[in-house]
Amino acid sequence: MAISGELYRQLGRASAGAVSVVATYEEDSEAVVGLTISSYVTLSYEPPLVMYAIQRHTASYSPMVTCRSFGISLLAAGQSGIARHFAQPRRERGTQMPFDTGAHVRVPLIPQALAQIECVTNEVFMSGDHAIVVGLVEAARTREGEPLLYFGRQYGIFAPLPGR
Ligand SMILES: Cc1cc2nc3c(=O)[nH]c(=O)nc-3n(C[C@H](O)[C@H](O)[C@H](O)COP(=O)(O)O)c2cc1C
């Protein structure tokens, strides 16, 4: 490895990010597979593409990279409990969370999220120990509110600097 594992982890802790939940319905089932992510990025305007990265060793990896559609919910400031829930290993999560189902694509979405995005899987790229999943946005909605952020292993909220 070119740099130490510890330095690499420090790089991760040095970056702040918005927190989202990406989820899909397991094939032929009502069961939801999903995880908390901070790797969501809007990728392309035309066509409208978004992407996220998923670690190969998560339990959700296989269903998430093979599913035909998925939902991304950008969490609002008050939704850290939901972020914590979906960051736990799947087998330790206990009770199911309530979901909205997409109006155009059958995908699970977090109610009251700052944005709900309904995607059809467009491309999956393998890269290192992650896959990069690109989704074509079929439908989306946003609501007024503040985002949930993550920095240095803590959830937080956005505070604008005075004077812009
Ligand atoms: C704030 C935050 C952001 C995360 N971002 C990602 C991410 O972008 N990609 C990823 O694969 N895991 C990410 N994780 C870790 C997953 O949420 C976690 O490994 C997964 O939910 C564990 O469940 P599973 O292995 O049963 O699927 C993140 C965790 C937290 C707390």
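The exercises below, each with a worked solution, concern a predicted model.

**Exercise 1.** Work out the order of strands in the open sheet of seven strands, and say which strands stand at its edges.

*Solution.* Begin with the order, which reads β3-β2-β6-β9-β10-β5-β4, with antiparallel pairing. The next step is to look at the two ends of that order, where β3 and β4 (residues 41–44) are the edge strands, each pairing on one side only. Then consider how the strands are set against one another: neighbouring strands of this sheet are turned by 35° on average, with direction ignored. Finally, take one pair as an example, namely β9 (residues 115–127) and β10 (residues 130–142), which run antiparallel and are joined by twelve bridges. Within this pair, Cys119 has Val137 of β10 as its bridge partner.

**Exercise 2.** Explain why β1 and β12 each have one side without a neighbour in the open sheet of three strands.

*Solution.* First write down the order, β1-β11-β12, in which the pairing is antiparallel. Because β1 (17–18) and β12 (154–157) stand at the edges and each has a single partner strand, one side of each is left without a neighbour in the sheet. As a last step, follow the link from β1 to β11 (residues 148–151), which consists of two bridges between strands that run antiparallel; here Ala18 has Leu149 of β11 as its bridge partner.

**Exercise 3.** Describe the shell of residues around the ligand, and find which element gives the most to it.

*Solution.* Start with the count: the ligand is surrounded by 18 residues, of which Leu35, Ser39, Thr58, Ala59 and Arg90 are the closest. Next sort the shell by residue type, which gives eleven nonpolar residues, six polar ones and one charged one. Then turn to the elements, among which β3 (32–37), β5 (49–55) and α3 (80–87) each supply at least two residues of the shell. The element that gives the most is β5, with four residues. To place the helix, note that α3 lies across β2 (20–25) and β3, and that α3 runs at about 115° to β3.

**Exercise 4.** Identify which members of the largest nonpolar core touch the most other members, and which elements give two or more residues to this core.

*Solution.* The general background is that nonpolar side chains tend to be buried together in soluble globular proteins. In this model, the largest nonpolar core has 35 residues, and Val22, Phe70, Ile72, Leu75 and Ala113 touch the most other members. The elements that give two or more residues to this core are β2, β3, β5, β6 (69–74), α3, β9, β10 and β11. To see one residue in detail, take Phe70, whose contacts beyond four places away in sequence include Val22, Met64, Val107 and Cys119.

**Exercise 5.** Where do Pro47, Gln112 and Arg153 lie, and what is the backbone geometry at each of them?

*Solution.* Recall that most residues other than glycine have a negative phi, and that most peptide bonds are trans. Pro47 lies in the loop between β4 and β5, and the peptide bond that leads from Glu46 to Pro47 is cis, with omega near 5°. Gln112 lies in the loop between β8 (108–109) and β9, and has a positive phi, near 65°. Arg153 lies in the loop between β11 and β12, and its phi is also positive, near 70°. For the surroundings, count C-beta atoms: Gln112 is partly exposed because 14 others lie within 10 Å, whereas Arg153 is exposed because 7 others lie within 10 Å.

Key
Residues numbered from 1 in each chain as written. Predicted model: local features only at pLDDT ≥ 70, side-chain atom pairs only at ≥ 80, totals over all residues. Pairing = 2+ DSSP bridges. Near = placed C-beta within 6 Å. Nonpolar A, V, L, I, M, F, W, Y, C, P; charged D, E, K, R; others polar. Axes fitted to C-alpha atoms, helices over the stretch in contact; angles between N-to-C directions. Contact = placed C-beta atoms within 7 Å. Core = buried A, V, L, I, M, F, W, Y, C linked by C-beta atoms within 7 Å. Buried ≥ 20, exposed ≤ 12 C-beta atoms within 10 Å, placed from the backbone.
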